[in-house]
Amino acid sequence: MRLILLGPPGAGKGTQAQRLVQKYGIVQLSTGEMLRAAVAAQTPVGLQAKDIMASGSLVPDEIVIGIISDRLDQPDMKNGFILDGFPRTVPQAAALDDLLKKKHIKLDAVIELRVNESALLNRVETRVAEMQARGEEVRIDDTPEVLSKRLASYRSMTEPLIHYYSERRKLATVDGMMTIEQVTREINRILAAVGAVEPRAVPARKARGAARRTARPAGKKAAKTAKKAVKQARKAAKPASKASKGAKKVGKTAGRKAASPVRGRGAGTAKKATKKAVRKAAKKVTKKRAKR
Ligand code: ADP
């Protein structure tokens, strides 16, 4: 699974990334974490990034692109990865496209966690309080002043990526105001819909049984069925998203909402159709498994 999590500071990218790491055994690549490690180790990159990060601005593209490029070459990347905090600008996204192409890696999805800005300060304050309570070192940029600068950077530099990935039909949006559990469920649903994972989590015992039946690997089959279901759902949803395009206000949100078949909101019919088709596919697979 190769995934990008997109969203402003405090949207919950780190929390969700951690859950995906646990569930799928993939690697989380957080450029923020990598840069903080470089600052702590006082490497040349760290020395360059330190003041920029403290002020809430973005570190130059070349630096983060270099870090990610090196990291993607490591052997632990082979199971997949979640990019959290990268790309953060359109040039970074374009550089990532080139890198992935060169390395023959396909991106499964970009998931945007959308949250009300008014909730972000509160969330970051809670995070700070929790870190303090655990006796951990609090991030130097987790102050109300720097947070508003980070938000401004997000709006001007990172938000255009929503359009970038929506145009490339990679974007799915999840309502980040839901509970952590609900957000996780929605992310898993999207991952199943794009064929990045099985449509429904298989209980460990069953999964082991399926693994033993090497002649017909359940994982591949389920993914194939889900992919087929998504294709059908997309086909069914086409007229609906066209109609909603016309009905929506002119502007960035309208364009964004109608642009992608895997969006969590916007093309409501598309969502329902995808959900239904995926559920149907999952049922089919479960039934077949039960028969075996
Ligand atoms: P946030 O919670 O604000 O998303 P991160 O931990 O992802 O924070 O990043 C912290 C800081 O590290 C950013 O404000 C920025 O200075 C720097 N940084 C992280 N990732 C990138 C990137 N892809 N491009 C430029 N700067 C970055």
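These are my notebook entries on a predicted model with a bound ligand.

**Entry 1: the ligand shell**

I began with the residues around the ligand and found 19 of them. Thr31, Arg36, Ser57, Arg88 and Gln92 come nearest. Next I sorted the shell by residue class: seven are nonpolar, five are polar and seven are charged. Which helix gives the most to this shell? I noted α2, residues 31-40, which supplies four residues.

**Entry 2: polar contacts to the ligand**

I then looked up distances to oxygen atoms of the ligand. For Ser57, a polar backbone atom sits 2.5 Å from a ligand oxygen. For Arg88, the partner is an N or O atom of the side chain, and the distance to a ligand oxygen is 2.9 Å. Arg139 also uses its side chain, with a polar atom 3.0 Å from an oxygen of the ligand. How much of the ligand's accessible area does the protein cover? I wrote down 96% of the 550 Å² that the ligand has on its own.

**Entry 3: α2 against α4**

Since α2 had come up with the ligand, I checked how this helix packs with α4, residues 61-72. I found an angle of about 100° between the two, and their axes are 11 Å apart. An angle from 65 to 115 degrees counts as roughly perpendicular, so I logged α2 and α4 as roughly perpendicular to each other. From α2, the contact takes in Thr31, Met34 and Leu35. From α4, I listed Ile63, Val64, Ile67, Ile68 and Arg71. By class, this contact has six nonpolar residues, one polar and one charged. A nice detail for my notes: Thr31 is in this contact and is also among the residues that come nearest to the ligand.

**Entry 4: backbone oddities**

Last, I went through the backbone. Which two residues does a cis peptide bond join? I found Phe86 and Pro87, with omega at about -5°. Pro87 is placed in the loop between β3 (81-84) and α5 (90-102). I also marked Gln42, which is not a glycine yet has a positive phi of about 55°. I located Gln42 in the loop that runs between α2 and α3 (44-55).

Methods:
Residues are numbered from 1 along each chain as its sequence is written. This is a predicted model: local features need pLDDT of at least 70, side-chain atom pairs count only at pLDDT 80 or more; totals for chains, interfaces and linings use all residues. Side-chain values use heavy atoms; hydrogens and water are left out. A residue is near a molecule or strand if one of its heavy atoms lies within 4 Å of it. A polar contact is a pair of N or O atoms within 3.5 Å; within protein, one must be able to donate a hydrogen and the other to accept it, and residues adjacent in sequence count only if both atoms are side-chain atoms. Accessible areas come from the Shrake-Rupley method with a 1.4 Å probe; for residues, only the protein chains shown count as cover. Ala, Val, Leu, Ile, Met, Phe, Trp, Tyr, Cys and Pro count as nonpolar, Asp, Glu, Lys and Arg as charged, and the others, Gly among them, as polar. Axes are lines fitted to C-alpha atoms, for helices over the stretch in contact, and angles run from 0 to 180 degrees between N-to-C directions. Angles under 35 degrees count as roughly parallel, over 145 as roughly antiparallel, 65 to 115 as roughly perpendicular and the rest as oblique. Contact means heavy atoms within 4.5 Å.
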